[in-house]
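Visitor: I've got a model open and I'd like to learn how to read it. Could you walk me through it, one feature at a time?

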Amino acid sequence: ETDEFKSNSVTTSWLDGILKEKSMQVERPAHLVVTSAAIYKAFNHIKAEKSTLIDSFKKGQLVTSDIPGLNSFDIEIPHKNIKYPFHVEVVGPNVYRLTLGSNVIDAEVTETADGALIAKFGGESHRIQGLDEALGLRLVLDGSTILMPDILDPTELRTDVTGKIVRYLHENGSEVEAGEPYVEVEAMKMIMTMRTQESGKITHNMSPGTVIAAGDLLASMELKDASKASSV
C-alpha cells in the first residue's frame, strides 16, 4: 500500500502513476497503434453494417443504396491529440485497404473464436482486441493495453469513472487554475479528485450526491484563453 492509499488522498493522476509503475501499459509505435485501431474500427463497422442489412432483408426492407457502405467508408482514429482520417476499402475476402494520405496498407483480417482479430500487414501478424468505452477506445495489441481517449475539449470536464459526486471544490462561477482539483467523487470505495485541464471559470453541471457514469459531464469551463477551447 502506498502512503496516498493509506491516507485516502487518491487522485486519478495517482492511479495513472500506479499503472505506469506496474508496467500495465507498454509503449508501442504510434503507426502500429493507429493502424491497429483503424482495423478494429473497420472490422466492427463492417460487422454492424452487415447485421443491419441482414435484418432489413429479413423484413423485406433491403435498400441497395446501403450496400456500398460495406465496402468503402471513412473512419477517424484519435491518438495523442491528433486525428487520423482513414479511407477503408474491402478489396478481397477479409482484406482491407487502409489509405491515410499517401500511405496505403493492405491488411488480411480474421476473427478468432474468442472474438480477437488476427491482422496481417506490413509483413507481420498482430492480435487485436478492443473495447469502446465512454471516453474512447481501450485497445489490446499483442497483449499490451493502450488507452486511446477521444480528443477532449478542455471546456468539458467529464468523469472517467463510475461512482458518485461527493462535493465540488469551488463555488459555481469561480475562477479555477489549470491542473487544480475541482471535484471529489467516490468510486470503488475511495475518494478521488479530478483536475481541470485549463484555467477559467467553472460551472457545475451536477449536484453533490449525484450518481455518475464514465463519460458524464461534471462541469463546464469558460476558458481564460479562448484559443484553447476548440478540440483538435
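Visitor: Where do I start: how many helices and strands does the secondary structure of the protein chain come to?

Guide: Keep in mind that this is a predicted model. The protein chain has four helices and 17 strands. As for the chain overall, 31% of its 232 residues count as buried. Its accessible surface comes to about 13300 Å², and carbon and sulfur atoms hold 51% of that. For contacts with a separation of 6 or more, residues 24 or more positions apart account for 51%.

Visitor: With that many strands, how do I read a sheet? In what order do the eight strands of the open sheet come?

Guide: The general idea is that strands of a sheet pair through backbone hydrogen bonds, either parallel or antiparallel. Here the eight strands run in the order E2-E3-E4-E5-E6-E7-E8-E9, with antiparallel pairing. Strand E2 (72–79) and strand E9 (144–149) are the edge strands, each pairing on one side only. Neighbouring strands of this sheet are turned by 30° against each other on average, direction ignored.

Visitor: Can you zoom in on one pair? How many bridges are there between E6 and E7?

Guide: Five bridges, in the antiparallel sense, pair strand E6 (residues 117–121) with strand E7 (residues 124–133). To find the register on screen, look for Leu117, which stands opposite Ile128 in E7.

Visitor: Now the helix. Which strands does helix H3 lie across?

Guide: Helix H3 (residues 30–58) lies across E2, strand E3 (82–92), strand E4 (95–100), strand E5 (103–111), E6, E7, strand E8 (136–141) and E9. Its direction is at about 135° to E2.

Visitor: And at the residue level, is Ala37 buried or exposed?

Guide: Ala37 is in helix H3, and it counts as buried because its relative accessibility is 0%, with the cut-off for buried at under 20%. Leaving out residues up to four places away in sequence, Ala37 touches Ile77, Leu137, Leu139 and Met148.

Visitor: Which residues does Thr35 touch?

Guide: Thr35 is another residue found in helix H3. With the same exclusion of residues up to four places away in sequence, Thr35 touches Phe86, Leu98, Ile105 and Phe121. Thr35 has a relative accessible area of 6%, so it is buried.

Visitor: What about a residue on the sheet side: why does His79 count as buried?

Guide: His79 is found in strand E2, and it counts as buried because its relative accessibility is 8%. It touches Ala30, Val33, Val34, Tyr84 and Met148, again not counting residues up to four places away in sequence. Met148 also appears among the contacts of Ala37. The C-alpha atoms of Ala37 and His79 are separated by 9.6 Å, although the two residues are 42 apart along the chain.

Visitor: How do I read a pocket? Which residues lie nearest the centre of the second largest pocket?

Guide: Rolling a probe the size of a water molecule over the atoms shows where empty space is left. The second largest pocket holds about 230 Å³ of space. It has 13 lining residues, and Phe43, Ile46, Lys50, Asn94 and Tyr96 lie nearest its centre. H3, helix H4 (68–71), E3 and E5 each give two or more residues to that lining. The largest share, four residues, comes from H3.

Visitor: Further along the chain, which strands does E13 pair with?

Guide: Strand E11 (residues 163–168) pairs with E13 in the antiparallel sense over four bridges, and Ile165 has Val185 in E13 as its bridge partner. E13 also pairs with strand E14 (residues 190–195), antiparallel over six bridges, where Pro181 stands opposite Arg195 in E14. E13 and E14 form a hairpin with two residues between them, and Met188 in the turn has a positive phi of about 55°. Strand E13 (residues 181–187) is mostly covered, with five of its seven residues buried.

Visitor: In what order do the strands of the four-strand open sheet come?

Guide: The order is E10-E17-E15-E12, and the pairing is antiparallel. Strand E10 (156–158) and strand E12 (175–176) are the edges, each pairing on one side only. Strand E15 (residues 200–204) and strand E17 (residues 217–223) run antiparallel and are joined by five bridges. Thr203 has Ser220 in E17 as its bridge partner.

Key
Residues numbered from 1 in each chain as written. Predicted model: local features only at pLDDT ≥ 70, side-chain atom pairs only at ≥ 80, totals over all residues. Heavy atoms only, no water. Buried < 20%, exposed > 50% of the residue type's maximum accessible area, 1.4 Å probe, protein only. Pairing = 2+ DSSP bridges. Axes fitted to C-alpha atoms, helices over the stretch in contact; angles between N-to-C directions. Contact = heavy atoms within 4.5 Å. Areas by Shrake-Rupley, 256 points an atom, 1.4 Å probe, with all protein chains shown as cover. 1 Å grid on protein atoms, 1.4 Å probe; cavity = no way out; pocket = protein on both sides within 12 Å on 5 of 7 lines; lining within 4 Å. Points joined across faces, edges and corners; volume = space filled by probe spheres on them.
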